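Work through the exercises below with the sequence and the 3D view open. Each task is followed by a solution in steps.

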Amino acid sequence: MNAHTSVPDAYGRVAVIGGGVIGISWAGLFLAHGLDVVVSDPRPEAEEQVLAGLEEIAPALAELGMPTERLTARLHFEPDLAAAVAEADVVQENGPERLDVKREIWRTVEQAAPAHALLATSTSGIPATAIATAMRQPERLVVGHPFNPPHLVPLVEIVPGERTSAETLLRARDFYASLGKKPQILRKEVPGFVANRLQAALFRECVHLVAEGVVTEAELDDIVTDSIGLRWAVAGPFRTFHLGGGPGGLPHFLRHLGRAMEATWPGLGEPSFDEPTVALLTAQAEEAFGGEPVGELAARRDRAQIALMRALAEPAHAQPAQH
């Protein structure tokens, strides 16, 4: 697996708005691909946090085959938003998940950024249509929503607003693909997009099962990674059930098992994060994960994720064994 692809010269300078977890991850990916990156964040501690974050993710970038020796050589900081985007070819916004803040950011960006710049927001749930009401040219804005962490997980959901142009969609798709990502253009806006909705649906039932005392957090994690996680990493839900239908595929599965599955839906849990539930989840998390620093757990996860991605990429290139 080699994620180090060639980014067109037209996207040589990227402005990353917001120096939090997502912004750091995007910045690291852009820098590893040889792009000039300017990070804009008004917080006084932002520069220190970004540099520390880049140091943490550098091993994962190196494992993916990208050069990291002088990772920050093309990195700059500019707290003034208008100045930060003035020469940008791409603007990747990762500001606070608040509609009023995002509208103010994009009002400023549109006025200050070059006319050719690709404008993308990493919002995890706010529709581009709602954000773009602050813009004179809403056709320029698109959602470029990564699955965390962006430097590692391939998916980027590209979501158009009601007035996003087809040209903007295709430019966003091609830009992310040039970074080695696997972009998916959604066919319509939906709150939370796709990956987060799926994650939320599964996590809701996870919380219910733990809150009801069916399993502990640690036991549930093992159940998922030893079953659904393995299976869906290789074949998604629909392909999995297509294979579960035998020679008749998904139609056979739906005819013979669909109703039985549907019968379980009304019984799925509807938990809430009330005080007793939060206290229970917090206590179990401390017991299950509290013995190790989060950074060490994350590094172990990243190594395993890379190994899995590499294994999944091999069959396309593997040759049959010679006997």
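**Exercise 1. The two faces of a strand**

Which residues of E6 lie on one side and which on the other, and are they buried or exposed?

Solution. The model is a predicted one.

Step 1. Sort the residues by face: Leu141, Val143 and His145 point to one side of E6, and Val142, Gly144 and Pro146 to the other.

Step 2. Apply the cut-off for buried, which is under 20% relative accessible area. Both sets pass, and both faces of E6 are covered.

Step 3. Draw the conclusion for the strand. Strand E6 (residues 141-146) has 6 of its 6 residues buried, so the rest of the structure largely encloses it.

**Exercise 2. Strand neighbours and the sheet**

Determine how E6 pairs with E5 and with E7, then place these strands in their sheet.

Solution. Recall first that strands of a sheet pair through backbone hydrogen bonds, either parallel or antiparallel.

Step 1. Take strand E5 (residues 118-121): its pairing with E6 is parallel and runs over 3 bridges. Leu119 has Leu141 of E6 as its bridge partner.

Step 2. Take strand E7 (residues 155-160): E6 and E7 pair in the antiparallel sense over 5 bridges. Here Val143 is bridged to Val159 in E7.

Step 3. Extend to the whole sheet. It is open, has 8 strands in the order E3-E2-E1-E4-E5-E6-E7-E8, and its pairing is mixed. At the edges are strand E3 (75-77) and strand E8 (182-185), each of which pairs on one side only. Neighbouring strands of this sheet are turned against each other by 25° on average, direction ignored.

**Exercise 3. Helix H1**

How many residues of H1 are buried, and how does the reach of H1 compare with the expected value?

Solution.

Step 1. Check the length. H1 has 12 residues and spans 17 Å from first C-alpha to last, close to the 16 Å expected at 1.5 Å a residue.

Step 2. Count the buried positions. They number 10 of the 12, so H1 is largely enclosed by the rest of the structure. Among them are Trp26, Leu29 and Phe30.

Step 3. Look past the end of the helix: Gly34 follows H1 and has a positive phi, near 85°.

**Exercise 4. Aromatic pairs**

Find the ring contacts of Phe175 with Phe30 and Tyr176, and say what the pair with Phe30 ties together.

Solution.

Step 1. Count the pairs: the structure holds 6 aromatic pairs.

Step 2. Classify the pair of Phe30 and Phe175. The centres are 5.9 Å apart and the planes make an angle of 40°, which makes the pair tilted. Phe30 belongs to helix H1 (residues 21-32) and Phe175 to helix H6 (residues 166-178), so the pair ties together parts that are 145 residues apart in sequence. Both Phe30 and Phe175 are buried.

Step 3. Classify the pair of Phe175 and Tyr176. This pair is tilted as well, at 5.4 Å centre to centre with 55° between the planes. Tyr176 is buried, as is Phe175.

Step 4. Join the pairs. Tyr11, Trp26, Phe30, Phe175 and Tyr176 are linked by ring pairs into a cluster.

Methods: Residues are numbered from 1 along each chain as its sequence is written. This is a predicted model: local features need pLDDT of at least 70, side-chain atom pairs count only at pLDDT 80 or more; totals for chains, interfaces and linings use all residues. Side-chain values use heavy atoms; hydrogens and water are left out. Rings of Phe, Tyr and Trp (its six-membered ring) pair if their centres lie within 6.5 Å; planes under 30 degrees apart count as stacked, over 60 as edge-to-face and the rest as tilted. Helices (H or I, at least four residues) and strands (E, at least two) are DSSP runs, numbered from the N terminus. Buried means under 20% relative accessible area, exposed over 50%, partly exposed in between (1.4 Å probe, protein chains only). The expected span of a helix is 1.5 Å times one less than its number of residues. Two strands pair if DSSP finds at least two bridges between them. Axes are lines fitted to C-alpha atoms, for helices over the stretch in contact, and angles run from 0 to 180 degrees between N-to-C directions.
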